[in-house]
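Q: Could you take one helix of this model and go through it closely, with its faces, its ends and its surroundings?

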Amino acid sequence: MSDSGVAALDGPFTTRQLLRLDEALRVADQQTGLTFSVYIGPLDEPTRESAEALHRQLEGAAKAVLLAISPGQRLLEIVTGAEARKRISDRDAKLAALSMAAAFAGGDLAGGVLAGLDQLASHAGRH
(Lines give C-alpha, C1' and ligand atoms only; values in the text may rest on other atoms or scores of the structure.)
Protein backbone atom coordinates (compact mmCIF):
# COMPACT_ATOMS: atom_id res chain seq x y z
CA MET A 1 0.00 0.00 0.00
CA SER A 2 1.22 3.49 -0.77
CA ASP A 3 1.99 5.92 2.02
CA SER A 4 -0.82 8.24 0.95
CA GLY A 5 -3.63 5.81 1.81
CA VAL A 6 -5.68 7.00 -1.15
CA ALA A 7 -7.48 3.69 -1.60
CA ALA A 8 -8.91 3.85 1.92
CA LEU A 9 -10.34 7.32 1.42
CA ASP A 10 -12.39 6.71 -1.74
CA GLY A 11 -12.30 10.42 -2.50
CA PRO A 12 -10.53 13.02 -4.62
CA PHE A 13 -7.79 13.82 -2.08
CA THR A 14 -4.69 12.09 -0.75
CA THR A 15 -4.18 11.81 2.99
CA ARG A 16 -1.64 14.64 2.86
CA GLN A 17 -4.08 16.88 0.98
CA LEU A 18 -6.84 16.09 3.49
CA LEU A 19 -4.53 17.01 6.36
CA ARG A 20 -3.63 20.31 4.65
CA LEU A 21 -7.31 21.08 4.03
CA ASP A 22 -8.22 20.24 7.63
CA GLU A 23 -5.46 22.53 8.89
CA ALA A 24 -6.51 25.33 6.51
CA LEU A 25 -10.11 25.09 7.72
CA ARG A 26 -9.01 25.13 11.37
CA VAL A 27 -6.76 28.17 10.84
CA ALA A 28 -9.45 30.05 8.86
CA ASP A 29 -12.00 29.38 11.61
CA GLN A 30 -9.59 30.48 14.38
CA GLN A 31 -8.39 33.63 12.63
CA THR A 32 -11.79 34.89 11.55
CA GLY A 33 -14.24 33.57 14.13
CA LEU A 34 -16.34 32.34 11.20
CA THR A 35 -16.94 28.69 10.37
CA PHE A 36 -15.63 27.53 7.00
CA SER A 37 -16.88 24.30 5.43
CA VAL A 38 -16.21 22.51 2.16
CA TYR A 39 -18.64 20.24 0.34
CA ILE A 40 -17.42 18.30 -2.68
CA GLY A 41 -19.98 16.33 -4.62
CA PRO A 42 -22.97 16.69 -6.90
CA LEU A 43 -25.41 19.56 -6.45
CA ASP A 44 -29.07 19.18 -7.34
CA GLU A 45 -30.63 21.64 -9.78
CA PRO A 46 -31.01 24.52 -9.23
CA THR A 47 -27.48 24.37 -7.89
CA ARG A 48 -27.50 27.68 -5.98
CA GLU A 49 -30.57 26.62 -4.01
CA SER A 50 -28.99 23.21 -3.39
CA ALA A 51 -25.82 24.86 -2.01
CA GLU A 52 -27.92 27.21 0.13
CA ALA A 53 -29.83 24.23 1.56
CA LEU A 54 -26.51 22.58 2.50
CA HIS A 55 -25.41 25.84 4.12
CA ARG A 56 -28.59 26.03 6.23
CA GLN A 57 -27.73 22.61 7.69
CA LEU A 58 -24.46 23.92 9.13
CA GLU A 59 -24.32 24.68 12.82
CA GLY A 60 -24.22 28.44 13.31
CA ALA A 61 -25.14 29.05 9.68
CA ALA A 62 -25.19 32.85 10.14
CA LYS A 63 -21.43 32.80 10.76
CA ALA A 64 -20.71 30.03 8.25
CA VAL A 65 -19.06 30.08 4.84
CA LEU A 66 -19.63 27.08 2.56
CA LEU A 67 -17.58 26.24 -0.50
CA ALA A 68 -19.77 23.84 -2.48
CA ILE A 69 -17.80 22.27 -5.32
CA SER A 70 -19.15 19.84 -7.88
CA PRO A 71 -16.24 18.78 -10.10
CA GLY A 72 -18.47 16.56 -12.26
CA GLN A 73 -20.79 19.47 -13.01
CA ARG A 74 -17.92 21.97 -13.20
CA LEU A 75 -19.69 24.13 -10.61
CA LEU A 76 -18.62 26.17 -7.61
CA GLU A 77 -20.94 27.95 -5.20
CA ILE A 78 -19.78 30.05 -2.25
CA VAL A 79 -22.53 30.60 0.31
CA THR A 80 -22.11 33.03 3.20
CA GLY A 81 -24.38 33.38 6.21
CA ALA A 82 -25.80 36.74 7.30
CA GLU A 83 -22.93 37.51 9.71
CA ALA A 84 -20.23 36.20 7.37
CA ARG A 85 -21.63 38.28 4.50
CA LYS A 86 -20.91 41.46 6.46
CA ARG A 87 -17.20 40.58 6.26
CA ILE A 88 -16.97 38.81 2.90
CA SER A 89 -18.54 40.77 0.06
CA ASP A 90 -19.89 39.24 -3.14
CA ARG A 91 -16.88 40.77 -4.90
CA ASP A 92 -14.50 39.07 -2.46
CA ALA A 93 -16.25 35.74 -3.02
CA LYS A 94 -16.10 36.18 -6.80
CA LEU A 95 -12.36 36.89 -6.66
CA ALA A 96 -11.83 33.77 -4.56
CA ALA A 97 -13.98 31.77 -6.98
CA LEU A 98 -11.91 32.95 -9.96
CA SER A 99 -8.72 31.89 -8.23
CA MET A 100 -10.21 28.52 -7.35
CA ALA A 101 -11.54 27.98 -10.88
CA ALA A 102 -8.09 28.64 -12.35
CA ALA A 103 -6.56 25.96 -10.10
CA PHE A 104 -9.42 23.54 -10.84
CA ALA A 105 -8.94 24.07 -14.59
CA GLY A 106 -5.30 23.09 -14.10
CA GLY A 107 -6.39 19.88 -12.38
CA ASP A 108 -5.51 21.00 -8.85
CA LEU A 109 -8.67 20.50 -6.79
CA ALA A 110 -6.95 20.58 -3.40
CA GLY A 111 -4.81 23.60 -4.31
CA GLY A 112 -7.88 25.47 -5.52
CA VAL A 113 -9.77 24.80 -2.30
CA LEU A 114 -6.75 25.88 -0.23
CA ALA A 115 -6.37 29.09 -2.26
CA GLY A 116 -10.07 29.88 -1.92
CA LEU A 117 -10.07 29.32 1.83
CA ASP A 118 -7.01 31.50 2.24
CA GLN A 119 -8.48 34.34 0.18
CA LEU A 120 -11.87 34.24 1.89
CA ALA A 121 -10.30 34.17 5.34
CA SER A 122 -8.02 37.07 4.41
CA HIS A 123 -11.01 39.11 3.18
CA ALA A 124 -12.96 38.31 6.36
CA GLY A 125 -10.06 39.55 8.49
CA ARG A 126 -9.34 38.70 12.09
CA HIS A 127 -12.10 38.67 14.64
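A: What follows is a close look at helix H5, and then at the sheet and the other helix around that part of the model.

The model is a predicted one, and every value below is computed from it. Helix H5 covers residues 90-105, which makes 16 residues. From its first C-alpha to its last, H5 reaches 22 Å, close to the 22 Å expected at 1.5 Å a residue.

The two sides of the helix can be read from burial. Asp92, Ala93, Ala96, Met100 and Ala103 of H5 are buried. Seen down the axis of H5, these buried residues fall within an arc of 95°, and so they line one face of the helix. The background to such a pattern is that an α-helix has 3.6 residues a turn, so residues three or four places apart point the same way. On the other side of H5, the exposed residues are Asp90, Arg91, Lys94, Leu98, Ala102 and Ala105.

Arg91 gives a worked case from that exposed side: with a relative accessible area of 59%, Arg91 counts as exposed because the cut-off for that class is over 50%. Arg91 and Ala102, which are both exposed, lie 11 residues apart in sequence and 17 Å apart in space, C-alpha to C-alpha. After H5 comes Gly107, whose phi is positive, near 85°.

As for the surroundings, the buried residues of H5 pack against strands S2 and S3 and against helix H6, which spans residues 109-124. S2 and S3 belong to an open sheet of 3 strands in the order S1-S2-S3, with mixed pairing. The edge strands of this sheet, each pairing on one side only, are S1 (35-40) and S3 (75-80). From one strand to the next, the twist averages 10°. Strand S2, residues 64-70, pairs with S3 in the antiparallel sense over 6 bridges, and within S2 and S3 Leu66 stands opposite Val79.

Helix H3 also packs on the sheet, where H3 touches S1, S2 and S3, and the direction of H3 makes about 45° with that of S3. Ser50 has its place in H3, which runs over residues 47-56. With a relative accessible area of 15%, Ser50 is classed as buried because that class requires a value under 20%. Leaving aside neighbours within four places in sequence, Ser50 is in contact with Leu43 and Asp44.

How values were computed: Residues numbered from 1 in each chain as written. Predicted model: local features only at pLDDT ≥ 70, side-chain atom pairs only at ≥ 80, totals over all residues. Heavy atoms only, no water. Helix = DSSP H or I, 4+ residues; strand = E, 2+ residues; numbered from the N terminus. Buried < 20%, exposed > 50% of the residue type's maximum accessible area, 1.4 Å probe, protein only. Contact = heavy atoms within 4.5 Å. Pairing = 2+ DSSP bridges. Axes fitted to C-alpha atoms, helices over the stretch in contact; angles between N-to-C directions. Expected span 1.5 Å × (residues − 1). Arc of directions from axis to C-beta.
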